[in-house]
There are 2 protein chains.
Amino acid sequence: MLSLLGLQKMKNKKIPEITISRLSLYNRFLQDLQEKGVDFITSAELGKRMGLKASQVRKDLTYFGRFGSPRIGYEVKQLLETLKGILGLHKKWPVALVGCGNLGKAFLSYPGFKAHGFEISVVFDNDPAKIGKVWKGKKIFDPAKMAKIIKEKGIKIAIIAVPFFAAQEVCDKLVRSEVKAILNFAPCKLFVTKEEEVKVRNIDIA
Amino acid sequence: MLSLLGLQKMKNKKIPEITISRLSLYNRFLQDLQEKGVDFITSAELGKRMGLKASQVRKDLTYFGRFGSPRIGYEVKQLLETLKGILGLHKKWPVALVGCGNLGKAFLSYPGFKAHGFEISVVFDNDPAKIGKVWKGKKIFDPAKMAKIIKEKGIKIAIIAVPFFAAQEVCDKLVRSEVKAILNFAPCKLFVTKEEEVKVRNIDIA
DNA sequence: TAGATTGTTAATCGATTAACAATC
DNA sequence: TAGATTGTTAATCGATTAACAATC
């Protein structure tokens, strides 16, 4: 998510995209280690489990600071907290979900979602039969009110889960709603004029 | 998909993973060009549209053969057919879908799926209320019969769309069913002993 | 102290890009 | 022929890995 939302520099060194993408991998592994009650881990051990070289683990981490101790390695708890901080996992990210068909409902039911700090805080669907109804505790709103509601709630991330023929229109609406990131699950590519301001990730579930 | 299923070499030169992943991009763009009635395109033009350097386009393509003509560029139709061949898009890939909850149903409704040459040819769900029922024209089968049915039909690709606590068991069953590729949409990492034979892609919809 | 592991520098590897002879 | 674009080679760039002094 963070790779979608920014964080390209730190200590004015440029952080390689690929390092950023590995960060959530580290996070997942450390989570696992913590659950198993492991207190410390060396770069060699961490690398072995993740299929990376020890030196790469160390290199990746040093982009963000110095977290290890010679002879001891890294304190799992501390490193995990640091990574979560960097990844913005301490934050709650309110998300707007557009489309409440099968795919949209899958998101509402998806447990991994909340675990990543995302919280679907508003749902839109243009089916008059659905508007006003509640699904999984979320009220479904009229897309006509999209810009107003999204701005009010300060939502910066949206998920498009509508049929492909409706996706571009929804996208335009979201751009006008001033979101910063759009995850498009409709099977089509979306075009955005303000690419600098709004990051679109087209996700093909195939 | 093909990148999941193999194709690492050609003319005994090793093809970079990243080139393979760009192949479907080229395919999509050429499709688009063909629909617009464009007959020929140069590497420069293609690169510009896709955000790649002309030399990279040419380099990528030469891994697979020589398709262009000096002064003219590439014939869209011919190149498209060639790419489709390489990507295996002429083939129909029968797919087993395990789990017919919200996410599973999303797959059954997903139009982009068929366009990629995938065809969900069998669906499993362990809910007795669902077994034997038909959804979107697909009969839902008892997972107990998984290995038998999958082998009979010669299915090589499976999608896991079950809750996370059931995913590893399903995965083990699929491995015993001798599939070659598993796409896991459950929010957990799956482990496979025979990694060489079965490729698992863990897809986090978050 | 002796030894293990860190952070960091330098060497290596692989992918991207520029350059250009060959081609039509 | 003159000129544009290919396929391919060589130079460049950036990421991975090895090596090692610094550290505890």
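Which side chain has an N or O atom 2.9 Å from a sugar or linking oxygen of DNA strand D? Keep that in mind while you open the model, which is a predicted one.

Select A:Gln56 and DNA strand D together, and you have the answer: the side chain of A:Gln56 makes that 2.9 Å approach. Now move to A:Arg58, where an N or O atom of the side chain sits 3.2 Å from a base nitrogen of DNA strand D. Then hop over to chain B and pick B:Phe67. Here a polar backbone atom is the partner, 3.1 Å from a phosphate oxygen of the strand.

Next, colour the helices and strands. In chain A, helix 2 (17–35) and helix 4 (54–62) each give two or more residues to the surface near DNA strand D, and in chain B so do helix 4 (54–62), strand 4 (68–69) and strand 5 (73–75). Helix 4 of chain A gives the most, with four residues.

Time to select the whole surrounding set. DNA strand D has 23 residues around it, and the closest are B:Ser43, B:Arg58, B:Arg66, B:Arg71 and B:Tyr74. Of the atoms of DNA strand D that come within 4 Å of the protein, 65% belong to sugar and phosphate. Try colouring the surface near the strand by residue class: you should find nine charged, eight polar and six nonpolar residues.

Finally, zoom out to chain A. Its domain assignment gives domain 1 (2–87) and domain 2 (93–202). Select the C-alpha atoms of each: the centres of the two domains are 31 Å apart. A:Gln56, from the start of the tour, has a number that falls in the range of domain 1.

Terms used
Residues are numbered from 1 along each chain as its sequence is written. Chains are lettered from A and ligands numbered from 1 in the order in which they are written. This is a predicted model: local features need pLDDT of at least 70, side-chain atom pairs count only at pLDDT 80 or more; totals for chains, interfaces and linings use all residues. Side-chain values use heavy atoms; hydrogens and water are left out. A residue is near a molecule or strand if one of its heavy atoms lies within 4 Å of it. A polar contact is a pair of N or O atoms within 3.5 Å; within protein, one must be able to donate a hydrogen and the other to accept it, and residues adjacent in sequence count only if both atoms are side-chain atoms. Ala, Val, Leu, Ile, Met, Phe, Trp, Tyr, Cys and Pro count as nonpolar, Asp, Glu, Lys and Arg as charged, and the others, Gly among them, as polar. Domain bounds come from an automatic or database domain assignment.
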